[in-house]
Amino acid sequence: MEATQKKAESASQRPWWLAGIAFAFCCFVFAAAWPERGERGLRRGLGMAFPLALLGIQYACWRLLARGERPTRQSIWACFLIMAGSALVIPAFHSSDTYAYAQAGRLQTTYDASPYVHLPSEVDGFERDPYHTTTWEGTPCVYGPAFALVARGTVALAGDDAQRARWLFRLLSLIHIS
C-alpha cells in the first residue's frame, strides 16, 4: 500500500518538476536572446517567442493548481516561484515603462531637475546620457512624489548602468505584485 501511495505522490509531483525545468530553460534562453530595441531577425523572433512560452508555463501551473485536488505547500511555492520569476524576466511584452522610470530618476540624481517640470528632451546633454532613450522623452513624470523619491533612489543605486536600473525597477514591480 505504501509503495502505491509513494508512486502516486511521485507522479503528482512530476508536472511541477517538468514545469520548473521548462521555466528555467525558457528563462535562460530568453535572457540570452532578448533583443535590443529596434533589433530585427532571429533574436527578435526569439525575444517574442519566449515570453509566450513562459506565459504557457504559467497557464500550466494555474491548471495544475486548479485540478480539484488540494494543492500541497510545495506545489503552491513552485507555482509562485514560476509566476514571480516570469514577472521578473518578462518585461510585459516590450513594456517601455521602466525607461520612463529610469529617466525620471536620472533627471533628479544627475541633472538636479524635477521630473514634473523638466522633460528629458529639454535637458542639455541628456541625449548623450546612458539613460537616454527616445521612448517617453517628451513626457513628464505622471506618478506622485513618493514614486519620484523611489525612482531617484533606484537610479542612485544603479549608478551609470541604465540596464541595471531597469532591472531594479522590474524587481520593485515584482515585489509590489507579490
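Among contacts in the protein chain between residues at least 6 apart in sequence, 66% join residues at least 24 apart. That figure, like everything below, comes from a predicted model. The fold itself is quickly told: the protein chain has 6 helices and 0 strands, so anyone following the sequence simply reads α-α-α-α-α-α under the DSSP assignment. Of the 178 residues in the protein chain, 35% count as buried. The chain exposes about 11,000 Å², and carbon and sulfur atoms supply 63% of that area.

On to the inside. In soluble globular proteins, nonpolar side chains tend to be buried together. Here the largest nonpolar core has 13 residues, and the members that touch the most others are Ala102, Leu107, Phe126, Tyr131, Ala165 and Phe169. Three helices each put at least two residues into this core: helix 4 (97–111), helix 5 (145–158) and helix 6 (162–177). Apart from it sits another core, this one of 5 residues, including Leu54, Cys61, Cys79 and Ile82. Back in the largest core, Ala102 makes a handy vantage point. Setting aside residues up to four places away in sequence, Ala102 touches Tyr131, Val155, Ala165, Arg166 and Phe169.

Gly105 belongs to helix 4 as well. With 0% relative accessibility, Gly105 counts as buried. The C-alpha atoms of Gly105 and Ala151 are separated by 4.5 Å, although these positions lie 46 residues apart in the chain numbering. Once neighbours within four places in sequence are left aside, the contacts of Gly105 are Ala151, Arg152 and Val155. Val155 is thus a shared partner, being touched by Ala102 and by Gly105.

Next comes Arg106, another residue of helix 4. Its relative accessible area is 5%, so Arg106 falls under the 20% cut-off and is buried. Asp129 is buried too. Side chains of opposite charge can pair when their charged atoms come close. Arg106 and Asp129 do this through a salt bridge between their side chains, at 3.1 Å from N to O. Arg106 sits in helix 4 and Asp129 in the loop between helix 4 and helix 5, so the pair ties together parts that are 23 residues apart in sequence.

Asp129 is not the whole story for this arginine. The side chain of Arg106 also makes a polar contact with the side chain of Asp160, at 3.0 Å. Arg106, Asp129 and Asp160 are in fact linked in a network of salt bridges. Beyond residues up to four places away in sequence, Arg106 touches Tyr111, Phe126, Asp129, Pro130, Tyr131, Val155, Gly159 and Asp160. Two of these, Phe126 and Tyr131, are named above among the core residues that touch the most other members. Val155 turns up here again as a contact of Arg106.

The count of salt bridges comes to 4. One of them joins the side chains of Arg128 and Glu127, with N and O 2.9 Å apart. Arg128 has 64% relative accessibility and so counts as exposed, whereas Arg106 is buried. Another salt bridge pairs Arg164 with Asp161, and here the closest N and O atoms are 3.6 Å apart. Both partners count as partly exposed, because the relative accessibility is 43% for Arg164 and 32% for Asp161.

The surface has a nonpolar feature of its own. Val150, Leu171, Leu172 and Ile175 form a nonpolar patch there, with about 320 Å² of accessible area together. Helix 6 gives the most to this patch, with 3 residues. Val150, for its part, is found in helix 5. At 41% relative accessibility, Val150 counts as partly exposed. Helix 5 and helix 6 also each supply at least two residues to the largest core.

One backbone detail rounds things off. Asp112 has a phi near 50°, which is a positive value in a residue other than glycine. Asp112 lies in the loop between helix 4 and helix 5, and that loop also holds Asp129. With a relative accessible area of 67%, Asp112 is exposed, while Asp129 is buried.

Methods. Residues are numbered from 1 along each chain as its sequence is written. This is a predicted model: local features need pLDDT of at least 70, side-chain atom pairs count only at pLDDT 80 or more; totals for chains, interfaces and linings use all residues. Side-chain values use heavy atoms; hydrogens and water are left out. A nonpolar core is a set of buried Ala, Val, Leu, Ile, Met, Phe, Trp, Tyr and Cys residues joined through side-chain atoms within 4.5 Å. Buried means under 20% relative accessible area, exposed over 50%, partly exposed in between (1.4 Å probe, protein chains only). Helices (H or I, at least four residues) and strands (E, at least two) are DSSP runs, numbered from the N terminus. Contact means heavy atoms within 4.5 Å. Accessible areas come from the Shrake-Rupley method with a 1.4 Å probe; for residues, only the protein chains shown count as cover. A polar contact is a pair of N or O atoms within 3.5 Å; within protein, one must be able to donate a hydrogen and the other to accept it, and residues adjacent in sequence count only if both atoms are side-chain atoms. Patches are made of residues with over 30% relative accessible area and no salt bridge: like charges are joined within 9 Å, nonpolar side chains (Val, Leu, Ile, Met, Phe, Trp, Tyr) within 5 Å.
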